[in-house]
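User: I should like to learn how to read the features of a protein model. Could you guide me through some of them?

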Amino acid sequence: MQFNSLSDFIAMGDYGAYVWSSVAIVFGALAWIVVDSVMLKSKTLKAIKQEQERAEKIRQAKQQNSV
Amino acid sequence: MWKWLHPYAKAEVAYQLCYKLLPYFSWLSVITLAVGSVWGLAFAPADYQQGDSFRIIYFHVPTAILSMGAYTSMAICALIGMVWQIRNAELAVYAIAPVGAVYTFLALVTGAIWGKPMWGAWWVWDARLTSELILLFLYLGVIALYNAFEDRRTGARAASILAIVGVINVPIIHYSVEWWNTLHQGATITKFAKPSISTDMLWPLLLTIAGFMFVLAALTCLRLANQIILNDARRPWVKALVERELSSVSMSKASK
Amino acid sequence: MNPRRKKRLFIILSSIGFIGAAVGFMLYALQQNIDLFYTPSEVLQGKQLSNGKVGEKPQIGQRLRIGGMVVDGSVVRSDKSLDVEFQVTDTGPKVTIKYTGILPDLFREGQGIVAQGVLIAADVVEASEVLAKHDEEYMPPELAEKLKGIKHVKPEY
């Protein structure tokens, strides 16, 4: 450990604001892109399902018209 | 060579491969990132000139290196997709682009935060910084072109062309510090010589670089898998998959 | 590889080659023209041109960028204001830089700096911006002391 105390660690030799803000931005952005990528799956599945249902409706409507 | 592979099975196999690799990449990324960050922030020695502000290196260098690595992989995928007409490679272009854009953005932001106290400026129009900014615009251009066309195929092709042409920028970024009088210093580890960083500072850096690499790999798997089922939406295997996945989601909700 | 693929690959690779060459020439030209970067010796003796002749010295009143090492013991700070005056050098000649403002944390004697400003006398630059440059080496203070004899100085405001 390079620091003697927790407050030393947070102060980062007077560069705390710079170091911790970059840590926050990096992990914030990483969290955002991870969550976005994970959520993408259920979004994609729902979009495909909707598209399929729409295609099915169109097919049925066409069939009825032809009858 | 690929012809004998059944075209439908190919996408399905790739989809399954993505989810097979995902847990390995995820766990490796969590471990390397956690160990590398804590090591770099708390245990690595401070720099003789820059003191503790130098610890930003553990996030700046990995995002910067991998912003270029991701772009190169994206361009290779685009090339394979264009020349050999392999659909999965074309889809991978769009899977990598957003992650690469985030890395480029992070490299620029952490660089600015580091530059303010050390150099004395958030931003200078120096060749290294400017070419990295151009890389961000290239990523955004690829994403925009991909979505710009009604026909997904046309969009993918336009985006691939931009990705391939833009790869010229990657060596420019790397050599900018040698070709021009830049404020940014030369390469510390990405050179054919002994790294100019002491070993106890280098190890955590290598760990965070590996960490960001695994994050990139894991997210590419996730996003590529989505692109594959979206592209194959009308195929029977995707229909079956959608039924299976959505019913398991509703069942797990009902059981709660 | 079948001929169609070969043709596609050839078209793509040759277009990358052409665009690369075009960008390369453009950047090379830019480097020749827009670079207003001088070292202290170039300010006083003129830039060395590629044909071996000595080029023109910068004119008084010209905007330029100058880069060099801060001369040991040359830094003079004002007691009342943020005015500071120091000399930079590269291989011998020294140029004085006047600046008002907060210097970067890495600014210290012996450090490489880049200043942007106006040449107000043959060897005096009034800077509007002073930036510190550092090299690509990172090492702990103890090692630096052993290797280079540099003691880590915590920047003072």
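**Reading a helix and a surface patch**

Analyst: Let us begin with helix α4(B), in a model that is predicted. The buried residues of α4(B) are R128(B), L129(B), S131(B), E132(B), L133(B), L135(B), L136(B), L138(B), Y139(B), V142(B), I143(B) and Y146(B).

User: What covers the buried residues of α4(B)?

Analyst: The general idea comes first: an α-helix has 3.6 residues a turn, so residues three or four places apart point the same way. In this case, the cover over the buried residues of α4(B) includes α2 (57-83), α3 (87-118), α5 (152-166), α6 (169-179) and α7 of chain B.

User: What should helix α4 of chain B span?

Analyst: Each residue is taken to add 1.5 Å, so the 21 residues of helix α4 (residues 127-147) of chain B should span 30 Å. The end C-alpha atoms of this helix are 30 Å apart, which agrees.

User: Which residues make the nonpolar surface patch?

Analyst: The patch of about 1,000 Å² is made by M1(A), W27(B), V30(B), I31(B), V35(B), V38(B), W39(B), F43(B), W203(B) and L206(B). Two elements of chain B, α1 (7-43) and α7 (199-231), each give two or more residues to it. The largest share, seven residues, comes from α1(B).

User: Is W27(B) buried or exposed?

Analyst: A residue counts as exposed when its relative accessible area is over 50%. W27(B), which lies in helix α1 of chain B, has a relative accessible area of 59% and is therefore exposed.

User: How is chain C divided into domains?

Analyst: The domain assignment of chain C gives domain 1 (3-33) and domain 2 (36-146). The C-alpha centres of these two domains of chain C lie 38 Å apart.

Conventions:
Residues numbered from 1 in each chain as written. Chains lettered and ligands numbered in written order. Predicted model: local features only at pLDDT ≥ 70, side-chain atom pairs only at ≥ 80, totals over all residues. Heavy atoms only, no water. Patch = residues over 30% accessible without salt bridge, like charges linked within 9 Å, V, L, I, M, F, W, Y side chains within 5 Å. Areas by Shrake-Rupley, 256 points an atom, 1.4 Å probe, with all protein chains shown as cover. Salt bridge = Lys/Arg side-chain N within 4 Å of Asp/Glu carboxyl O. Helix = DSSP H or I, 4+ residues; strand = E, 2+ residues; numbered from the N terminus. Buried < 20%, exposed > 50% of the residue type's maximum accessible area, 1.4 Å probe, protein only. Domains from an automatic or database assignment. Expected span 1.5 Å × (residues − 1). Contact = heavy atoms within 4.5 Å.
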